[in-house]
Amino acid sequence: MVAEEGRKLYLKIDATDRMKQLMTEYYIDAKGAEGTDRPICWITSGGPVEFLIAMDVIPIYPENHGAMCGASKMGVQLAEVAEGLGFSGDLCSYARLDIGSAITHGGPIGGLPRPDFLLCCNNICGTVQKWYEELARYFEVPMFLMDTPFIHKTTYEHATEYVRKQCLELVAFLEEQTGREFSLERFAEVAMLSVEGIELWKEVLKTAEHRPSPLTCFDAFIHMALIVTLRGTPEVVEYYRLLKGEMEKRIENGISAVPEEKHRLIWDNIPIWFEMRNLGQLFARNNTCLVADTYTTAWAIDIKIDDPLTSMADAYTGIYLNISIDLMFEKLLALIERFSADGVVMHSNRSCKPYSLGQYDLARMVTERTGKPVLMIEADMTDSRAYSEAQVRDRVEAFIESFP
Amino acid sequence: MTVAGVDIGSNTAKAVIMDNGDILATSLIMTGHQSRLAGRRALDLALREAGLEEGDIALIVATGYGRLTTDFTDQKVTEITCHAKGAHSVQPEARTVIDLGGQDSKVIAVGENGKVVDFVMNDKCAAGTGRFLEVMAAALEIELDNMGEVSLESESPASISSVCTVFAESEVVSRVAEGTNKMDIVAGIHQAIASRIYAMTVRVPFKEKVIMTGGVARNIGVVRALEKRLETSLVVPEMPQHMGALGAAIIAEERAGA
């Protein structure tokens, strides 16, 4: 039964204001650093940002900016700029709109500050390498590539060593670029703050195990911004403590994110940024809470303080997009179980090949093992031209109607 | 107790009025550009045929793409659930429903109780839908309703490799330019649709019996091509286009009685 119209389908999280403030300060500070002696490095979302923070380099995430452009519904106009230059419409839309924004300074914040160098980690996909090579040519700046071997079944010592050695090369690269000396002491301090932030972020996500859940994955998609961009700083630790407190208070007071939570689902893949609000309301109206996702948990990595370099090498190699379908399946199963989910919603994301390839197999495996249904919706994370609202609404409602 | 189901699709709007399990009246009109009005008109037509007024109807359930914009209906249910329900009522043994409508193609796995077990839909692309056939009919300058019969005469169907409506259209135009027989081109188009729907059907995966609903089921060429691909015979109900509205009416009956 569809929830009555006119009821409040979305409950604002108070901490959001603080997050917006932190993100605004971050971007203002970063933009102000352009052309000064404070170095700016563009980094991929799965990259080891701790090294940058420890060297007082300002990290800039084109993917986070891509999400912002998508959420502001500016993705298409920026992507068109890149397409006009000859980049294929089949290329990742983050890459297309980032290239478009770099050239036109378009987007909600007037483009990103110019990079002094680039850090590209291919643990999330192979596209980032070519994309960052384009950026390196365009801005005429050096690029560091961190290569993380794909994990088919298990990690091997030599693979860990291969990545750990690259961490050392990265240190040398950063020292050369910044003219500063790397301090292991400072790095350990940053790693510790990073771990603290990550642990708190995990605890925030864990509150959704409660029935009814105090937050939805749509909330998590918004509140992940800081763990992605600024982990390793004290502000992030302070922020997630605040957010966790608010979620715990919701549980104490019996407040749920979805007014009448009846069904619980897991989300797979990157959010459809331009459609988040509508989708959130669509599910809420149908008394369904998306309690967890495979995306925001990607930043819930393990770093061990006693050996940060080795554990970081393992953590950055082992993220969700760099592992085989069998390993993804294990993680997905664990989420379904831990969050008592009734099924899974998979976003077949036209942009993100490593995330979307194999989803049909995953879906079949989930249903075979758990008997739980999986819904597939076709879209794109920021390119709204690859999205049909009416079709998706139909599928979502039919899916929920089929629940007992 | 009298109830109604209204199915406002992308192409046509349908209504079914039922009284204690019996169909009293049905209607079918083109949706046009104002789907809300189309639903209203379809209902009014069916009411007139039944000699009833809106006040006589205990509950109206809307389905189809236009369901959300109606203000005269009591409840809204997706056409996936409704087609399963409608198809189950005319063929209780059906476990798979292939619904090819105006802008959507769906394959629905149905349980013994007529409930949806699983479903697969086409992606954003309109290949294999009624709209696809319309475009092809226009390119070939033949009547949509004649396509099925025409294609049955073909002995060597032309190869239409693309399932994208736009690409397939230009392929069809190329075949015309090459002087290929119309019947062979139409048969080729039907095979292309069958191939696409086949891929969706095995993904569900399908169980017998298979029933086909929606406007495209009226095209005997597509039905035969699909039967060949699936290696099974399809049940085509008398009024395939009305299965959604019928399902909506049955759901209205269940809910009004509950």
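**Questions on a predicted two-chain model**

In this predicted model, 21 residues of chain A are in contact with 20 residues of chain B.

Q: Which helix of chain A gives the largest share of the side that touches chain B?
A: Let's start with the elements involved. Strand S8 (374-379) and helix H17 (389-401) of chain A each supply at least two residues of the side that touches chain B. The largest share of that side, 9 residues, comes from H17(A).

Q: Which three residues of chain A lose the most area to chain B?
A: Chain A and chain B bury about 1600 Å² between them, with 49% of it on carbon and sulfur atoms. On the chain A side, 35% of what is buried comes from the three residues that lose the most area, and these are Gln391(A), Asp394(A) and Glu401(A).

Q: Which residue of chain B meets the side chain of Glu397(A) in a salt bridge?
A: Charged residues do appear here: by class, the side of chain A that touches chain B has 10 nonpolar, 4 polar and 7 charged residues. Across the interface of chain A and chain B there are 2 salt bridges, along with 7 residue pairs in polar contact, both residues at pLDDT 80 or more. In one of the salt bridges, with 2.7 Å from N to O, the side chain of Glu397(A) meets that of Arg67(B).

Q: How many residues does domain 2 of chain B bring to its contact with domain 1 of chain B?
A: The domain assignment of chain B gives domain 1 as 1-91 + 238-258 and domain 2 as 93-236. Their C-alpha centres lie 25 Å apart. The contact takes 17 residues from domain 1 of chain B, and from domain 2 of chain B it takes 29 residues.

Q: Which three residues supply 34% of the area that domain 1 of chain B buries against domain 2 of chain B?
A: The area buried between the two domains of chain B is about 1800 Å², and carbon and sulfur atoms give 60% of it. On the domain 1 side, the three residues that supply more than any other three are Ile80(B), Gln91(B) and Pro240(B).

Q: Which residue shares a salt bridge with Lys106(B)?
A: The count between domain 1 and domain 2 of chain B is 1 salt bridge, and 10 residue pairs are in polar contact across that interface, both residues at pLDDT 80 or more. Helix H2 (residues 79-90) of chain B gives the most to the domain 1 side, with 9 residues. At 4.0 Å from N to O, the side chain of Lys106(B) meets that of Glu79(B).

Q: Which residue follows H7(B) with a positive phi?
A: Helix H7 (residues 220-230) of chain B has several buried residues, including Val222(B), Val223(B) and Leu226(B). What covers the buried residues of H7(B) includes helix H3 (130-140) and helix H6 (182-203) of chain B. At the start of H7(B), a side-chain oxygen of Asn219(B) reaches to within 2.8 Å of the backbone nitrogen of Gly221(B). After H7(B), with phi near 55 degrees, comes Glu231(B).

Q: Why does Asn269(A) count as buried?
A: Asn269(A) lies in the loop between strand S5 (263-268) and helix H12 (276-285) of chain A. A residue is buried under 20% relative accessible area. Asn269(A) counts as buried because its relative accessibility is 0%.

Q: Which side chain does a polar contact of 3.1 Å join to that of Asn269(A)?
A: Beyond its neighbours within four places in sequence, Asn269(A) is in contact with residues including Thr294(A), His347(A) and Ser356(A). A polar atom of the Asn269(A) side chain lies 2.8 Å from the backbone oxygen of His347(A). The 3.1 Å polar contact joins the side chain of Asn269(A) to that of Ser356(A).

Terms used:
Residues numbered from 1 in each chain as written. Chains lettered and ligands numbered in written order. Predicted model: local features only at pLDDT ≥ 70, side-chain atom pairs only at ≥ 80, totals over all residues. Heavy atoms only, no water. Domains from an automatic or database assignment. Contact = heavy atoms within 4.5 Å. Buried area = accessible area lost by both parts, 1.4 Å probe. Polar contact = N/O pair within 3.5 Å; in protein donor to acceptor, adjacent residues only side chain to side chain. Helix = DSSP H or I, 4+ residues; strand = E, 2+ residues; numbered from the N terminus. Nonpolar A, V, L, I, M, F, W, Y, C, P; charged D, E, K, R; others polar. Buried < 20%, exposed > 50% of the residue type's maximum accessible area, 1.4 Å probe, protein only.
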